[in-house]
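Here are some short exercises to work through with the model open beside you. Try each task before reading the solution.

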Number of protein chains: 2
Amino acid sequence: MKTKSKSQRVYDYIEELVISGEIKPGERLPSEAKLGEILNVSRVSVRAGIEKLSAIGLVRKKKGGGTYVNKPASDNYLSVFTPTLLHNTDYLELLEVRRALDSLSVQLCAKNITEAGLRKLNEILREMEKLSEEDDFFVLDKKFHLLISKYSKNRFLHNVHLIIWDVIQKALRANYYQVTNRDRIGEHRKIVEAIENQDQDLAKIYTVRHLEEIIDTFVCVYNQESHQEAIRTKK
Amino acid sequence: MKTKSKSQRVYDYIEELVISGEIKPGERLPSEAKLGEILNVSRVSVRAGIEKLSAIGLVRKKKGGGTYVNKPASDNYLSVFTPTLLHNTDYLELLEVRRALDSLSVQLCAKNITEAGLRKLNEILREMEKLSEEDDFFVLDKKFHLLISKYSKNRFLHNVHLIIWDVIQKALRANYYQVTNRDRIGEHRKIVEAIENQDQDLAKIYTVRHLEEIIDTFVCVYNQESHQEAIRTKK
DNA sequence: TTTTATAACTTGTATTATAACTTATTTCAA
DNA sequence: TTGAAATAAGTTATAATACAAGTTATAAAA
């Protein structure tokens, strides 16, 4: 029989308090000192347990103010997954998943989009046209696709998209792949037009095509690189 | 300008080491004392940062032995997280995402499945037929679909599926919804047959149908419940 | 060479102290 | 009585030190 560590006991105790509803989102946990008293452990162990809970986003700590149970659906919920997913992720695999999920979200978006949402999409398109720097394009690209997934009105789907774009962003930073975005703006515009007409099928078609263009570009660049790598190794 | 906490600096530093590949899965981190020296912080702060990383499963601590970077896709590395997702997730939204992702994974699976994989799938089918308890069915159901996603050979997709099934499992435990699985076995068998014939399209069709059956059942049960709820409220 | 004992190292927990920040209370002036 | 400012009390963040408990590397012995 393996004995639980003290910090784990703290973790379990608080998790139970939250899941059982004894402490509701927005409410404050007992102070670290009090928890230590209750569970008969030192403040060090209490802090270790709480640290974990805050890492997974169940609670939020406020220096000097206490520790609070998080309201669900705070934006940073899923971002904790990123590092784990990242160092295992082949970018092509991720794009394959995106093709499936973007198809779904654009369909739902075409059904549920509002006037305000459409204005925002068109605004992003205009900003894209004004750009020259490749880096800034990424920011708009991310904003564009996350906006679509947001208007899918499926929060779980949106959350998964948040993970994905977080991974993409970090992959970019880590230079795991190179992007050449050429003329993606036209593809984006077609998608928006289809959404405007609430044509779910067409929106899906354009989105799949968009993703496949991205995949092709990536595969192309990737092959070039490994080719050059092979040449370098020969020398 | 908000200054980062020291524990966050530790967190970021180690995350960077892992993402950049400087420390690879399975390798050991510098000791807490050494990290504190490097970053010029106390061991308390180092431990706080590492605690978070271990909560999200990026690293694994071994008392007396050191802290190691986790190999990705270790079975337990997502489970810590789920309670947060849970009370925010509408089950229907999740099923909608599953429909999209299961379609993809079954297609890839039909392409990439091995003899051994097929044997395992058929074995699960046989076990399902022998069952009576509803609870045990869930375990097999989960195993079945995760096996398919595993043989998609897309690790990112598989990871997302791991998250999803973890959420489903906890939702079950928390009685957020009721399941009535009736005759899902036949649907499973058709999917396996399509995979055996490496017929990607057919496998996809059966999977979509399977998911839509599940959705229908859920909607049906859900409506009944809210109906009864309405009656209770009236009294 | 293999086994065993030892030493060095590493994480887990406890204690104490102080800094930095937040919240509740009290005090004082208008 | 009200409102603002000052104060006190409470809370998390960090540090330093100590020791327990487990692991790993090294040295000694068979």
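## Exercise 1: The surface near DNA strand C

The largest share of the surface near DNA strand C, three residues, comes from α3(A). Near means that a heavy atom of the residue lies within 4 Å of the strand, and helices (H or I, at least four residues) and strands (E, at least two) are DSSP runs numbered from the N terminus. This is a predicted model, in which local features need pLDDT of at least 70 and side-chain atom pairs pLDDT 80 or more, while totals for chains, interfaces and linings use all residues. Residues count from 1 along each chain as its sequence is written, chains are lettered from A and ligands numbered from 1 in the order written, and side-chain values use heavy atoms, without hydrogens and water.

**Task.** Find which elements each supply at least two residues of the surface near DNA strand C, and sort its residues by class.

**Solution.**
1. Chain A offers α1 (6-19) and α3, and chain B offers α3, β1 (59-62) and β2 (66-69).
2. Around the strand there are 23 residues, with A:Lys6, A:Ser42, A:Ser45, B:Arg43 and B:Arg47 the closest.
3. By class, two are nonpolar, ten polar and eleven charged. Here Ala, Val, Leu, Ile, Met, Phe, Trp, Tyr, Cys and Pro count as nonpolar, Asp, Glu, Lys and Arg as charged, and the others, Gly among them, as polar.
4. Of the strand's atoms within 4 Å of the protein, 73% belong to sugar or phosphate and the rest to bases.
5. Now look at single atom pairs, N or O atoms within 3.5 Å of each other. A polar side-chain atom of A:Ser45 is 2.9 Å from a phosphate oxygen of DNA strand C, and one of B:Thr67 is 3.4 Å from a phosphate oxygen of that strand. From A:Gly64, a backbone N or O atom lies 3.2 Å from a sugar or linking oxygen of DNA strand C.

## Exercise 2: The surface near DNA strand D

**Task.** Which element gives the largest share of the surface near DNA strand D, and which residues come nearest?

**Solution.**
1. The largest share, three residues, comes from α3(B).
2. Of the 23 residues around DNA strand D, the nearest are A:Arg47, A:Gly64, B:Lys6, B:Ser42 and B:Ser45.
3. Sugar or phosphate accounts for 75% of the atoms of DNA strand D within 4 Å of the protein, and bases for the rest.
4. Phosphate oxygens of DNA strand D lie 2.8 Å from a polar side-chain atom of B:Ser45, 3.0 Å from a polar side-chain atom of A:Lys61 and 3.0 Å from a backbone N or O atom of A:Glu32.

## Exercise 3: Where the chains meet

**Task.** Why are α3(A) and α3(B) classed as oblique to each other?

**Solution.**
1. Their axes, lines fitted to C-alpha atoms over the stretch in contact, are 8 Å apart, and the helices pack at about 50°. Such angles run from 0 to 180 degrees between N-to-C directions.
2. Under 35 degrees is roughly parallel, over 145 roughly antiparallel, 65 to 115 roughly perpendicular, and the rest oblique. The pair α3(A) and α3(B) is therefore oblique.
3. Contact (heavy atoms within 4.5 Å) involves A:Ala48, A:Glu51, A:Lys52, A:Ser54 and A:Ala55 of α3(A), and B:Ala48, B:Glu51, B:Lys52, B:Ser54 and B:Ala55 of α3(B).
4. That contact has four nonpolar, two polar and four charged residues.

Methods: A polar contact is a pair of N or O atoms within 3.5 Å; within protein, one must be able to donate a hydrogen and the other to accept it, and residues adjacent in sequence count only if both atoms are side-chain atoms.
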